[in-house]
Each structure stands twice: as C-alpha cells, then as structure tokens.
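Open the model in your viewer and keep the selection panel at hand. Give me a guided walk through it, stop by stop.

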Amino acid sequence: MFDIIIIGAGPGGYETAAEAAAHGLTVGIVERDQMGGTCLNRGCIPTKALCRNAEVVNLMEDG
C-alpha cells in the first residue's frame with residue numbers, strides 16, 4: 001500500500017516522489033516508458049548536449 005502514487009516519472013514526477021519520500025511517505029511511481037521522461041532521455045537534455053558539442057566543433061574549426 002502506498003501513501004501516494006505518482007503518474008509519470010518525468011522531471012516533475014520524480015522530484016515529487018523524492019520530496020514525498022523525504023517527508024516519510026511511501027511512494028509508488030507509474031511510468032509506461034523510461035524513468036526521467038522524454039526531456040531527460042530524448043528531448044531537452046540530449047538535444048542541448050548535442051548542440052553544445054556542435055558548437056565546440058565549430059569553435060575548434062574557426063580557431
């Protein structure tokens with residue numbers, strides 16, 4: 001039995017779960033795909049890393 005069930009383990013879901021657990025609640029997370037959600041695994045963060053790598057390559061070529 002859980003005190004709280006979080007639907008979705010994206011940035012909001014896992015932060016909420018961690019905060020609830022830190023306050024002593026028993027937490028369940030329901031996620032149909034990967035923990036971390038789209039942003040962490042395929043979206044924002046990987047895209048920013050790839051863009052930064054391309055930026056560094058351009059700087060090296062120009063320098």
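The tour below goes from strands to helices, then to the cysteines and the surface.

**Stop 1: the strand pair**

This is a predicted model. Select residues 4-7, which make up strand E1. Now add strand E2, residues 27-30. E1 and E2 pair in the parallel sense, over four bridges. Trace the chain from E1 through H1 to E2: this β-α-β crossover is right-handed.

Next, pick out individual bridge partners. Isoleucine 6 has isoleucine 29 of E2 as its partner. For isoleucine 7, the partner in E2 is valine 30.

**Stop 2: the loop after H1**

Show helix H1, residues 11-22, and follow the chain onward to E2. Glycine 24 sits in the loop between them. Is glycine 24 buried or exposed? Its relative accessibility is 59%, so glycine 24 counts as exposed. The cut-off for that class is over 50%.

Draw a distance from the C-alpha atom of glycine 24 to that of aspartate 3. The viewer should give 9.4 Å, for two residues that are 21 apart along the chain.

**Stop 3: a salt bridge on H3**

Move to helix H3, residues 44-62. Select arginine 52 and glutamate 55, and show their side chains. Side chains of opposite charge can pair when their charged atoms come close. Here the two side chains meet in a salt bridge, at 2.8 Å from N to O. How many salt bridges does the model hold by the rule of within 4 Å? The count is one.

Where do the partners lie relative to each other in H3? Arginine 52 and glutamate 55 are about one helical turn apart, because three residues separate them in the helix. Arginine 52 has a relative accessible area of 43%, so arginine 52 is partly exposed. Glutamate 55 is likewise partly exposed, at 43% relative accessibility.

**Stop 4: the cysteines**

Select cysteines 39, 44 and 51. A disulfide is a covalent bond between the sulfur atoms of two cysteines. How many disulfides are counted here? The count is zero. Cysteine 51 is in no disulfide: the nearest cysteine sulfur belongs to cysteine 44, and it is 11 Å away. The cut-off is within 2.5 Å, so that pair does not qualify.

Color the three by accessibility. Cysteine 44 is partly exposed, with 40% relative accessible area. Cysteine 51 is partly exposed as well, at 47%. Cysteine 39 counts as partly exposed at 23%.

Cysteine 39 belongs to helix H2, residues 37-41. Draw a line between the C-alpha atoms of cysteine 39 and isoleucine 7. The separation is 16 Å, across 32 residues of chain.

**Stop 5: the nonpolar patch**

Turn on the surface. Select Tyr14, Ile29, Met35, Leu40 and Ile45. These residues form a nonpolar patch, with about 420 Å² of accessible area together. Ile29 is familiar from Stop 1, as the bridge partner of isoleucine 6.

Finish on isoleucine 45, which lies in helix H3. Isoleucine 45 counts as partly exposed, because its relative accessibility is 45%.

Key:
Residues numbered from 1 in each chain as written. Predicted model: local features only at pLDDT ≥ 70, side-chain atom pairs only at ≥ 80, totals over all residues. Heavy atoms only, no water. Patch = residues over 30% accessible without salt bridge, like charges linked within 9 Å, V, L, I, M, F, W, Y side chains within 5 Å. Areas by Shrake-Rupley, 256 points an atom, 1.4 Å probe, with all protein chains shown as cover. Helix = DSSP H or I, 4+ residues; strand = E, 2+ residues; numbered from the N terminus. Buried < 20%, exposed > 50% of the residue type's maximum accessible area, 1.4 Å probe, protein only. Pairing = 2+ DSSP bridges. Right-handed = clockwise from strand over helix to strand, strands pointing away.
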